[in-house]
Amino acid sequence: MLRLWRWYQNCLAVHPLKTQVISSGVIWGFGEIAAQSVTHLTVVNKKTTNEDNKELHINWRRVATTSLFGMAFVGPVGHFWYEGLDRFLKTKLQYQPKSMRFVATKVALDGIIFGPLDLFVFFTYMGFASGKTIKQVKEDVKRDFLPALILEGGIWPIVQVANFRFVPVRYQLLYVNSFCLLDSCFLSWLEQQQDAAWKQMFKNLSLKEHKNKES
């Protein structure tokens with residue numbers, strides 16, 4: 001394990017962008033496999049009578065699609081985002097590193113900009129990658145975006161406070177990627193839930209607020 005860690009450190013030092021791209025692809029791929037496993041267990045726990053449903057069949061095409069998202073978006077965008085965010089607060093705003101204002105501003109900007117962008121791109125990309133039409137993708141985004149944003153909004157700020165306060169900038173992406181294993185699992189599972197009843201609560205809440213604004 002120590003040898004693996006040193007190898008990763010060397011790769012990160014020599015090829016930081018390439019390392020983040022590859023590691024993100026691998027992590028999101030494993031997250032998708034975990035998501036399919038969770039979804040499968042959910043079906044089995046419902047006591048289905050079909051024997052075929054009791055055996056887990058991994059959709060490797062979907063795994064490859066999700067892994068590509070990690071490589072093409074999460075890796076490169078996340079790399080430049082966290083490096084650029086740290087540089088912006090230090091040089092432009094001249095905030096003291098590790099200070100409360102420094103950490104709070106990072107968490108806020110990450111939650112307002114990168115978080116929603118990541119969710120929007122994920123659901124849009126997964127929709128088109130599965131062969132859906134523009135209309136279908138729009139409906140999927142309307143169905144999945146708000147529940148994901150609300151649920152993740154209660155978790156990621158806590159994760160990022162520890163990240164921005166205690167983890168050196170060089171390893172912040174590794175820290176985020178480790179939690180992205182769970183995050184990719186959650187997003188893939190959420191996207192596969194389709195029109196689950198609990199999602200309708202968020203949709204109805206959004207429609208209610210929209211009607212109240214109109215009135």
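What share of the contacts in the chain with a separation of 6 or more is accounted for by residues 24 or more positions apart? In this predicted model, such residues account for 74% of those contacts.

**View 1. Overall fold of the predicted chain, an all-helical pattern of α-α-α-α-α-α-α-α along the sequence.** The chain has eight helices and zero strands, and buried residues make up 39% of its 215 residues.

**View 2. The largest nonpolar core, a set of 33 residues.** Within this core, the residues with the most contacts are Trp-28, Tyr-82, Phe-122, Phe-123 and Leu-187. At least two core residues are supplied by each of α1 (2-14), α2 (16-45), α3 (60-92), α4 (100-129), α5 (134-153), α6 (156-166) and α7 (169-192), and the largest share, eight residues, comes from α4. In soluble globular proteins, nonpolar side chains tend to be buried together.

**View 3. Surroundings of Tyr-82, one of the core residues with the most contacts inside the core.** When residues up to four places away in sequence are not counted, Tyr-82 touches Asp-110, Phe-114, Gln-160, Phe-164, Leu-173 and Val-176.

**View 4. Helix α5 and its bend at Asp-144.** The helix bends by about 30 degrees at Asp-144, and a proline, Pro-147, follows within four residues. At 1.5 Å a residue, the 20 residues of α5 should span 28 Å, and because its end C-alpha atoms are 27 Å apart, the expected and modelled spans agree. The buried residues of α5 are Val-137, Asp-140, Val-141, Arg-143, Asp-144, Pro-147, Ala-148 and Glu-152, a list that includes both the bend residue and the proline.

**View 5. Asp-140, a buried residue of helix α5.** Asp-140 is found in helix α5 and has a relative accessible area of 8%, so it falls under the 20% cut-off and is classed as buried. Apart from residues up to four places away in sequence, Asp-140 touches Lys-132 and Phe-145.

**View 6. The largest pocket, with a volume of about 380 Å³.** The pocket is lined by 27 residues, of which Asp-110, Phe-114, Gly-115, Glu-152 and Trp-156 lie nearest its centre. Two or more lining residues are given by each of α2, α3, α4, α5, α6 and α7, with α4 giving the most, eight residues. Among the residues nearest the pocket centre, Asp-110 and Phe-114 are also touched by Tyr-82, whereas Glu-152 is one of the buried residues of α5.

Key. Residues numbered from 1 in each chain as written. Predicted model: local features only at pLDDT ≥ 70, side-chain atom pairs only at ≥ 80, totals over all residues. Heavy atoms only, no water. Core = buried A, V, L, I, M, F, W, Y, C linked by side-chain atoms within 4.5 Å. Buried < 20%, exposed > 50% of the residue type's maximum accessible area, 1.4 Å probe, protein only. Contact = heavy atoms within 4.5 Å. Expected span 1.5 Å × (residues − 1). Bend = angle between axes of the 7 residues up to and from the residue. 1 Å grid on protein atoms, 1.4 Å probe; cavity = no way out; pocket = protein on both sides within 12 Å on 5 of 7 lines; lining within 4 Å. Points joined across faces, edges and corners; volume = space filled by probe spheres on them.
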